[in-house]
Amino acid sequence: MAPKSKENPKTSNPAIEDLFSSLNKHIKGSHTQRSEFEQVVKVADQVLSILPSDEDAIRCKVVALIEAKKFNDALSVINLFHKLPMDLGFQKAYCLYRLKKFDEAFVSLKGLKRDSKTLLLEAQILNRLGKADACVDMYQKLSKSKIEWLEVNLVAALIAAGKASQVLKALEGLKIKPTTTYQLAYNTACSLIENNNYADAEQLLLTAKRICQETVTDDKSSDLAYIETDVASIVVQLAYVQQVLGKTQESTSSYVDIIKLNLGDEFTLSVAVNNLVAFKGSKDISDGLRKFDRLKEKDSQNFQLSQALDAKLSQKNKEAIYANRFLLLLHANKMDQARELCAALPGMFPESVVPTLLQAAVLVRENKAAKAEELLGQCAEKFPEKSKLVLLARAQIAASSALAGDNDGAAAVLDSAIKWWSNSMTESNKLSVLMPEAAAFKLRHGQEEEASRLYEEIVKNHSSIDALVGLVTTLAHVNVEKAETYEKQLKPLPGLKAVDVDNLEKTSGAKPIEGASASSSQEEVKKEKAKRKRQPKYPKGFDPANPGPPPDPERWLPRRERSSYRPKRKDKRAAQIRGSQGAVTKVNQEAAPSTSKSNQAASSKENAAAPCSSKVSKKKSRR
């Protein structure tokens with residue numbers, strides 16, 4: 001990007017020469033400090049204010065704006081000087097590509113020289129346009145060119161084209177090992193995941209993680225933030241593989257660390273959130289919804305992925321996030337939000353059957369099974385090549401309606417499904433999903449022996465930790481010795497010390513053992529209680545050693561009910577009649593005064609309630 005020497009007489013001006021010297025200085029400094037690009041733009045503007053058509057100044061400004069990731073500004077400068085006899089076609093195509101205007105970028109490449117730089121950009125544009133096969137062909141044409149990261153992009157293109165099985169063969173043809181760089185190891189591991197080779201993928205991801213961490217240690221001049229982002233991406237992908245392999249403790253810990261520490265970019269964080277929520281299922285629904293809210297557009301009232309995520313995520317990933325949020329809303333019984341989200345999904349994913357499956361789930365929740373079956377039937381006719389999953393969902397709804405309350409019939413259906421998948425030779429075998437569900441169903445309905453048989457088969461064939469836990473739990477009901485044998489395969493929980501069963505049985509919550517030792521056990525429990533008894537809190541100034549006279553035990557009784565109570569004498573003289581015959585005394589006119597406060601209160605209540613006697617009281621009288 002360094003400017004050419006100025007031989008034109010117009011450039012002999014010392015001021016111009018000083019500006020170009022400054023421009024050259026900032027260009028060299030931009031290799032170490034990215035802030036120098038802004039200075040390049042400022043100095044180039046100063047040159048253009050004197051020489052408006054200087055090609056070197058224009059080119060330096062365009063490249064500096066691209067390096068500063070100001071693609072709109074760079075595109076404006078290119079369009080401003082499009083009439084000048086200078087070639088900025090590649091820079092224009094690159095800006096359009098970074099602005100995600102892929103069709104315009106592809107058109108801009110036409111007419112340019114077909115060198116390796118142009119072909120590489122064309123391959124990347126084809127990849128973004130979804131033309132994976134054409135992208136692979138372009139990379140294979142460039143295989144003999146010495147282009148940095150060519151093999152990394154080739155592997156990514158093969159995976160996108162559905163040719164993951166050809167990755168190892170392609171690397172052998174290029175005579176490149178998958179562990180040459182951590183980027184290549186990561187992409188190769190992704191191809192193994194596509195081929196369901198999770199064990200080898202785990203080992204390759206561990207190697208990629210080690211190489212990436214060593215890069216940070218060895219190369220101090222490398223971009224640490226960029227490498228740390230790559231480490232986070234590797235960790236999340238490794239967690240997914242471990243989740244599939246049944247190593248749920250390791251995978252969950254990785255997801256939680258990435259989310260809690262906010263490591264990686266938006267894409268890595270979204271994958272970690274989605275996978276963790278999918279693993280937890282209906283557990284802790286509110287926490288899952290809060291985690292999903294971190295991915296949405298801040299100004300949007302409804303759930304909508306941020307623009308940065310929407311641009312980076314594939315359609316498959318976006319569909320998974322929306323579908324999992326919908327399922328959380330369904331579990332939380334937030335039906336209005338679930339319907340609103342479900343109504344928007346067909347427009348986002350018009351070629352997918354998942355929105356229809358979610359709509360059917362809403363109808364089933366509303367007890368409209370017949371309408372759900374009808375909807376799924378219409379979807380199967382519209383997408384015959386994708387009808388397998390839809391028809392299975394329709395059959396599940398019909399079976400659930402027919403087998404409601406029929407546990408034996410439901411168990412028979414599960415056994416038939418397991419038998420069918422056991423004899424199936426398809427790659428997408430569902431036994432790893434179906435058998436745990438069948439075992440859990442049988443365990444819930446008292447069929448412990450059948451459940452233990454299924455769990456044992458899962459442990460032997462799939463090495464699942466969850467299945468091992470289920471097997472130990474189930475065998476504890478039917479075969480304790482066998483349960484203890486399998487229990488030894490479980491890893492101890494971190495931070496949990498060994499439990500002394502004998503001491504545990506002696507705690508206050510344990511039942512006393514029948515026989516001679518029962519009394520001694522009860523005495524030990526009483527001693528433990530005595531040790532743990534808290535000291536009573538006394539009033540301020542009270543001395544427990546000299547408490548003084550004991551309080552009156554009848555102090556809480558009404559005065560008239562105490563043994564020391566003596567009623568007042570009545571004045572007999574007040575009752576004597578004075579005056580003429582037929583005179584009425586004051587005692588006959590007014591009620592006698594109450595001798596206790598309780599009677600006064602009762603009397604006042606009765607008098608107060610008298611004016612309201614016409615109303616019906618809703619309170620029940622006390623007996």
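Let me start in helix α5, which covers residues 89-98, where Tyr 94 and Tyr 97 sit three residues apart and are therefore separated by about one helical turn. Please keep in mind throughout that we are looking at a predicted model.

The structure holds six aromatic pairs, and Tyr 94 with Tyr 97 is one of them, a tilted pair with 6.3 Å from centre to centre and 45 degrees between the planes. Are these two tyrosines buried or exposed? Tyr 94 is partly exposed, its relative accessible area being 23%, whereas Tyr 97, with a relative accessibility of 14%, counts as buried because the cut-off for buried is under 20%.

A second pair lies elsewhere in the chain, between Phe 303 and Tyr 322, whose ring centres are 5.6 Å apart and whose planes stand at 80 degrees, so this pair is edge-to-face. Phe 303 belongs to the loop between α16 (285-293) and α17 (307-312), while Tyr 322 belongs to helix α18 (residues 315-331), so the pair ties together parts that are 19 residues apart in sequence. Both of these residues, Phe 303 and Tyr 322, are buried.

Coming back to the tyrosines of α5, I would add that Tyr 94 and Tyr 97 join Phe 71 and Phe 102 in one aromatic cluster. Phe 71 leads us to the next topic, the packing of helices, since Phe 71 is one of the residues of α4 that take part in the contact with α3.

Helix α3 spans residues 55-67 and helix α4 spans residues 71-80, and the two pack with their axes 8 Å apart at an angle of about 160 degrees. The angle is over 145 degrees, and α3 and α4 are therefore roughly antiparallel to each other. The crossing in which α3 passes α4 is left-handed. Which residues make the contact? From α3 there are Ile 58, Lys 61, Val 62, Leu 65 and Ile 66, and from α4 there are Phe 71, Asp 73, Ala 74, Val 77 and Ile 78. Sorted by class, this contact of α3 with α4 has eight nonpolar and two charged residues, with no polar ones.

A further helix pair can be described in the same terms. Helix α8, residues 132-141, and helix α9, residues 150-160, cross at roughly 155 degrees, and their axes come within 9 Å. These two helices, α8 and α9, are therefore roughly antiparallel to each other, and α8 passes α9 in a left-handed crossing. On the α8 side we find Ala 132, Cys 135, Val 136, Tyr 139 and Gln 140, which meet Leu 150, Asn 153, Leu 154, Ala 157, Leu 158 and Ala 160 of α9. The contact of α8 with α9 divides into nine nonpolar and two polar residues, with no charged ones.

Beside this pair I would point out Lys 131, which is placed in the loop between α7 (116-128) and α8. Lys 131 is partly exposed, with a relative accessible area of 45%, and its C-alpha atom is separated by 8.0 Å from that of Ala 161, although the two residues are 30 residues apart along the chain.

Let me finish with the whole protein, which contains 31 helices and zero strands. Of its 623 residues, 34% count as buried. Among the contacts with a separation of 6 or more, 46% are between residues 24 or more positions apart.

How values were computed:
Residues numbered from 1 in each chain as written. Predicted model: local features only at pLDDT ≥ 70, side-chain atom pairs only at ≥ 80, totals over all residues. Heavy atoms only, no water. Axes fitted to C-alpha atoms, helices over the stretch in contact; angles between N-to-C directions. Helix = DSSP H or I, 4+ residues; strand = E, 2+ residues; numbered from the N terminus. Parallel < 35°, antiparallel > 145°, perpendicular 65-115°, else oblique. Left-handed = near helix turned anticlockwise from the far one by under 90°. Contact = heavy atoms within 4.5 Å. Nonpolar A, V, L, I, M, F, W, Y, C, P; charged D, E, K, R; others polar. Phe/Tyr/Trp six-rings, centres within 6.5 Å; stacked < 30°, edge-to-face > 60°. Buried < 20%, exposed > 50% of the residue type's maximum accessible area, 1.4 Å probe, protein only.
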